[in-house]
Amino acid sequence: MEISRRDRRALLLGGVGLGLIAMYFLAIEPLASAYAKLVADHDRLAAKVARRIHDNRKAEYYAGRLKEYEQTAGELSGPKPYDEQITAVGEQIIAAAQKSGVQLRGATPTAAVPWGNDPTLEMALFHIDGEVRWENLMTAGRGWENVFKFIANLYRIPGVLSVERLDLSGEQKKGSPNDPSQGGKIALRLAVSVLVEATPSREEPWAR
Amino acid sequence: MSEPTVVGLHLCGTVLRRAELHRVGARTEITTAELPLLADPQAAVSSNPVQAAPAEGETTRCIAAMPTSEVMSRCWTFPDADEGKLRRMVAHRVEADLPVPIDQLRWGYRKGAVRSWGDTRRQVFVQGVRSEQVGRHLAKLSAAGFPVDALTTEAEAISALYQHGLERHATEGSEVLVLVTSDDWLVAVFGNGLLHSLRRIPAEPNRLELTCRQCQQAIEGQVSRHEVRCVLWCAPVAQVQARGALAERLGIAVEPIESARHLVGAGGTRLSPEQLAAFGPAIGLALAGAYEPDRIIRLGGRERTEVEPRGQRFQRIAAHPWRWTAAAAALAIVAVAIQVGALGWETRKMRELVGELASADSPLAALQPKIGAMQRLETYRIDVEGIVADLCRPIPDSIVISSIQLSRGRRLVFKGTSKDPKAIFALADALRKSDRFAAVNPEGTEPARGGGFTISAELVGVNTLPSSGRRGGQWR
């Protein structure tokens, strides 16, 4: 059987075309896919490493800041469960009052309420009643000093967030209302916020 | 790339002596020829082995010399200076000393070694020729079919021969070189390697005594006899008697000298004394063109045209397109291989690193509870001590504070008594100026009842707590 020149040319072109298609599917496309996968893997891992390096730097920075902050504000700690935290804070409030020369009349915790920003936290208040007395003009200034020493000591208690309400009122002895040299007292009423860990038992029943 | 062939052309009366120099490795081949300078230039061209117009790409350079009789030569001493300053000093001296206006002169100079006579000085050998004579000489050679690339002086030719063409030992002091032919003696006096004078003395037959005396005068005109270390004698063998006569007259050793070992003739043999004496200036010109092309005194000649190397380089590259394409393709393949290899290696390393990091606890996660506590304190803690301190600072002695109430949500309210009612308002004004308080209002004053007063204010910079209402359940 003889093949004409035209047929031969058609066969040649067809063969070349088939060869090109085969080369694309067998060589070029797999290579390109493998390269794209390699690049994607590289980018993903590079992003992970960069994020980890960034985290490490951030941790170094915060470690320094925390160290400085703890020197002035006392030890920082994460929230504890309500019972544990209230017990610890109550004990330390009494110690702070004794250390500051404040006569503590009462320290009453309230029930915890949810902390809006973070569902894992709740906030309880401690209502503190106390007084500071002075006998003469020489010790009148020390009375105020003791009040602020007490507040400073409260702020060093782990878990205490802030003083929410403060009510200070000075009283002189009867018969000499405007003369501090005759002695007197400062009545102190405080509400201090304490952050505690939210407990599952406090969840709303309908939220389950 | 082959060394260019240099041709030295020395015009001697009606005869042109030609020396062709070609460097082959360490050897320098010299081919000499003597041509009659014909009146008919076309005839000269036809008999001239050097082409009138060199073919493109030919690397032959022609160096010719002005006759000594037309050249004014001086040897001066100048303070040592940089090239530009020295050239200006020489130009001033040329203008002052030579009898031709400087704008009608072609001149140049050669620097000698630096000598110290108290201060640092340098000898300079200056030569000048009238411009019209240069033009005439170039036209004469050109008409005879010799295109001259550089026209210099015989003194430069003899200097180059002395420096590069003779088998001599480099010495300090004065030396005399005498090139003897049947027609004349060429006497060159050198001091510390620098040519001081060149004189051509006609050699009359049977008057050897006269020639020797003139030679003596030429030497003693430059240096005293006892300063001359030796006389270098280059002459045909037949001139032995003349050598003896000169030695006897001068009372100095007259030593025969040969060509340098690297100079060989056409057959590879050393140049003969006859050849060296007759063709000395032509050989010197060729040597000057070969060894000192940029240092010789250049009085005229064709402009130097050099093939632009960049163009040549591009042509060389363009001559092999497939070779360069293959090289580019190979480079592309290497680049792709490096890229893929580097990506793979980096990916592997990063995977290992991420694996190691994943097994270790994140330091940030460990610090997170403390960081959260610190941020909450910074945001929500009320600085009670600072507030009371800022409140008490402007209180005058006439005011006694009896109570202070502050709260996060409510305002700051403080009460007290004052003997001076104006002091209450002054205190309110002072508190308004503070950055910590806003909306300061004296709410009530009781001057008739002991001077009691109440002032309220808002606290600046105290953030309200986040809403504490329960909004749905917690995610566990």
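Trainee: Why is Tyr109(B) called buried?

Mentor: In this predicted model, Tyr109(B) has a relative accessible area of 10%. Buried means under 20%, so Tyr109(B) meets the criterion.

Trainee: What makes the pair of Trp107(B) and Tyr109(B) stacked?

Mentor: The ring planes of Trp107(B) and Tyr109(B) stand at 25°, and planes under 30 degrees apart count as stacked. The ring centres are 6.4 Å apart, while the limit for a pair is 6.5 Å. Both conditions are therefore met.

Trainee: Is Trp107(B) buried or exposed?

Mentor: Trp107(B) is buried, since its relative accessible area is 15% and the cut-off is under 20%.

Trainee: How many aromatic pairs does the structure hold?

Mentor: Over all chains there are eight aromatic pairs. One of them is formed by Trp115(A) and Tyr380(B).

Trainee: Why is the pair of Trp115(A) and Tyr380(B) called edge-to-face?

Mentor: The angle between the planes of Trp115(A) and Tyr380(B) is 90°, and an angle over 60 degrees counts as edge-to-face. Their centres lie 5.2 Å from each other, which is within the 6.5 Å required of a pair.

Trainee: How do you know that this pair joins two chains?

Mentor: Trp115(A) belongs to the loop between β2 (113–114) and β3 (121–134) of chain A, whereas Tyr380(B) belongs to helix α10 (residues 363–380) of chain B, so the pair joins two chains.

Trainee: What makes Trp115(A) count as buried?

Mentor: The relative accessibility of Trp115(A) is 5%. Because buried means under 20%, Trp115(A) is classed as buried. Its partner Tyr380(B) is also buried, with a value of 10%.

Trainee: Which residues have the most contacts inside the largest nonpolar core?

Mentor: They are Phe150(A), Leu166(A), Leu190(A), Val384(B), Phe414(B) and Phe437(B), within a core of 53 residues. Apart from this core lies another, of 41 residues, including Ile158(B) and Leu285(B). In soluble globular proteins, nonpolar side chains tend to be buried together.

Trainee: Which residues does Leu166(A) touch, not counting those up to four places away in sequence?

Mentor: Leu166(A) touches Ile151(A), Leu188(A), Arg189(A) and Leu190(A), and also Val384(B), Ile404(B), Gln405(B) and Leu406(B).

Trainee: Why is Tyr24(A) called partly exposed?

Mentor: Tyr24(A) has a relative accessible area of 40%. Partly exposed covers the values between buried, under 20%, and exposed, over 50%, so Tyr24(A) falls in that class. Tyr24(A) is placed in helix α1 (residues 5–73) of chain A.

Trainee: Which nonpolar patch on the surface includes Tyr24(A)?

Mentor: Tyr24(A) is part of a patch whose members include Leu12(A), Val16(A), Phe25(A) and Ile28(A). Together, the residues of the patch have about 1100 Å² of accessible area.

Trainee: What is the order of elements in chain A?

Mentor: Chain A has three helices and five strands, which run α-α-β-β-β-α-β-β from the N terminus on. Of its 208 residues, 34% count as buried.

Trainee: What sets the phi of Asn192(B) apart?

Mentor: The phi of Asn192(B) is near 50°, a positive value although the residue is not glycine. Asn192(B) sits in the loop between β10 (184–191) and β11 (194–202) of chain B. Ala439(B), in strand β17 (residues 437–446) of chain B, also has a positive phi, near 50°.

Trainee: Why does Ala439(B) count as partly exposed?

Mentor: Its relative accessible area is 40%. That value is neither under 20% nor over 50%, so Ala439(B) is partly exposed.

How values were computed: Residues are numbered from 1 along each chain as its sequence is written. Chains are lettered from A and ligands numbered from 1 in the order in which they are written. This is a predicted model: local features need pLDDT of at least 70, side-chain atom pairs count only at pLDDT 80 or more; totals for chains, interfaces and linings use all residues. Side-chain values use heavy atoms; hydrogens and water are left out. Patches are made of residues with over 30% relative accessible area and no salt bridge: like charges are joined within 9 Å, nonpolar side chains (Val, Leu, Ile, Met, Phe, Trp, Tyr) within 5 Å. Accessible areas come from the Shrake-Rupley method with a 1.4 Å probe; for residues, only the protein chains shown count as cover. A salt bridge is a side-chain nitrogen of Lys or Arg within 4 Å of a carboxyl oxygen of Asp or Glu. Helices (H or I, at least four residues) and strands (E, at least two) are DSSP runs, numbered from the N terminus. Buried means under 20% relative accessible area, exposed over 50%, partly exposed in between (1.4 Å probe, protein chains only). A nonpolar core is a set of buried Ala, Val, Leu, Ile, Met, Phe, Trp, Tyr and Cys residues joined through side-chain atoms within 4.5 Å. Contact means heavy atoms within 4.5 Å. Rings of Phe, Tyr and Trp (its six-membered ring) pair if their centres lie within 6.5 Å; planes under 30 degrees apart count as stacked, over 60 as edge-to-face and the rest as tilted.
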